[in-house]
Amino acid sequence: MSDDLLPERPNLRLVLPARAENVAVVRQALNGVAEGLALEAFTLTDIKIAVSEACTNVVLHAYPGREGPLVVDAWAGDGEELVVVVRDRGSGFTPAARTESAGLGLGLALIASLSKEVHIGSEPGGGTEVRMRFRLDPDREDMEVTSL
Amino acid sequence: MKASGISLERSETGVAVVVLEGDHDLSTAAALRSRLEGLIAEGVPVVVDLTPTTFIDSAILDALLSALRRARGQGLGFAALIGESPAEPAVRRIFELTQLVPLFPVLSTRSAALDAVLSGPEAR
């Protein structure tokens with residue numbers, strides 16, 4: 001499922017205040033998506049870890065000293081892959097700032113390790129987008145090899 | 001004592017067992033860090049019981065590793081307890097992915113964890 005083929009309407013859209021307590025809300029919503037897709041527990045676990053890390057980055061770094069939205073979209077178009085996009089309307093992506101504080105700087109590495117593909121980009125008009133693509137039937141042995 | 005899914009038990013041998021129940025992430029990392037730092041400042045060996053934990057992320061790993069470093073600096077035992085077959089695989093998965101198991105004392109039974117931390121900071 002290329003990005004060009006993503007339906008206009010995602011299966012899941014969340015717009016939440018970028019606060020720490022709302023990262024669990026995102027995970028809960030992913031549980032609902034997984035239920036509909038009958039995902040294996042370990043596949044859902046990997047998706048939840050990666051998406052949580054992306055959301056945590058938004059909470060920690062997107063809006064220093066102010067409030068702003070955490071936006072999460074998910075597409076499960078063909079049933080073979082899940083695309084999750086986490087975005088903010090913050091001050092843009094600075095890798096140094098996003099790796100020097102909480103989380104050991106492991107967040108982005110975990111995302112890269114757990115997703116089939118990740119793209120980090122800037123949003124027009126400001127903000128950052130983390131676009132993650134997950135296989136829904138991953139080969140667990142392959143995944144184990146990608147330890148950090 | 002329980003707050004935010006973090007509770008504290010004391011073993012008969014004086015070990016503090018910090019039990020994390022449910023999901024833990026950035027929203028509880030500061031409370032966990034504070035609890036662990038307080039116990040280590042008291043000079044108490046610590047076991048963090050992750051058997052009832054359904055999710056942790058890198059913010060929690062950061063708090064655990066920070067506490068491990070502090071404990072070792074004071075010559076105190078510090079270990080994590082992770083069940084062999086948790087209903088939710090997230091805890092073991094993130095320890096494996098980050099390759100922390102060789103660095104972090106991880107035990108699979110409470111008795112083994114309690115014995116390990118009483119043996120000192122390098123006990124496995």
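This is a short tour of a predicted model, stop by stop.

**Stop 1: a helix with a buried face.** Start in chain B and select helix α4, residues 110–118. Which of its residues are buried? Color Ala113(B), Leu114(B), Ala116(B) and Val117(B), and you have them. Now turn the view until you look straight down the axis of α4(B): the buried residues fall within an arc of 160 degrees, so they line one face of the helix. What do they pack against? Show the strands β3 (16–20), β5 (46–49), β7 (78–81) and β8 (106–107) of chain B, and you'll see the partners of those buried residues. Before you leave, click on Gly120(B), just after α4(B), which takes a positive phi of about 115 degrees.

**Stop 2: over to helix α1 of chain B.** Select Glu37(B), which sits in α1, residues 26–41. With a relative accessible area of 27%, Glu37(B) is partly exposed. Leaving out residues up to four places away in sequence, Glu37(B) touches Ser66(B) and Arg70(B). Want to try the distance tool? From Glu37(B) to Arg110(B) you should get 21 Å, C-alpha to C-alpha, for a pair 73 residues apart in sequence.

Stay on α1 and pick Arg33(B), whose side chain meets that of Asp62(B) in a salt bridge (3.2 Å, N to O). This pair links distant parts of the chain, since Arg33(B) is in helix α1 and Asp62(B) in helix α2 (residues 58–73), 29 residues apart. Are the two buried or exposed? Arg33(B) counts as partly exposed at 25% relative accessibility, while Asp62(B) counts as buried at 11%.

**Stop 3: salt bridges in chain A.** Over all chains the count comes to 16 salt bridges; here are two from chain A. Select Arg19(A) and Glu67(A), whose closest N and O atoms are 2.9 Å apart. Arg19(A) lies in the loop between β1 and α1 and Glu67(A) in the loop between α2 and β2, so the pair ties together parts that are 48 residues apart in sequence. Arg19(A) is partly exposed at 35%, and Glu67(A) is exposed at 53%.

Next, pick Arg87(A) and Glu129(A), a salt bridge with its closest N and O atoms 3.2 Å apart. Arg87(A) belongs to strand β3 (residues 81–88) and Glu129(A) to strand β5 (residues 128–135). Arg87(A) is buried, with a relative accessible area of 10%, and so is Glu129(A), at 11%.

**Last stop: a network.** Add Arg13(A), Asp73(A) and Arg131(A) to that selection: salt bridges that share partners join them with Arg87(A) and Glu129(A) into one network.

Notes. Residues are numbered from 1 along each chain as its sequence is written. Chains are lettered from A and ligands numbered from 1 in the order in which they are written. This is a predicted model: local features need pLDDT of at least 70, side-chain atom pairs count only at pLDDT 80 or more; totals for chains, interfaces and linings use all residues. Side-chain values use heavy atoms; hydrogens and water are left out. Helices (H or I, at least four residues) and strands (E, at least two) are DSSP runs, numbered from the N terminus. Buried means under 20% relative accessible area, exposed over 50%, partly exposed in between (1.4 Å probe, protein chains only). Contact means heavy atoms within 4.5 Å. The arc is that of the directions from the helix axis to the C-beta atoms. A salt bridge is a side-chain nitrogen of Lys or Arg within 4 Å of a carboxyl oxygen of Asp or Glu.
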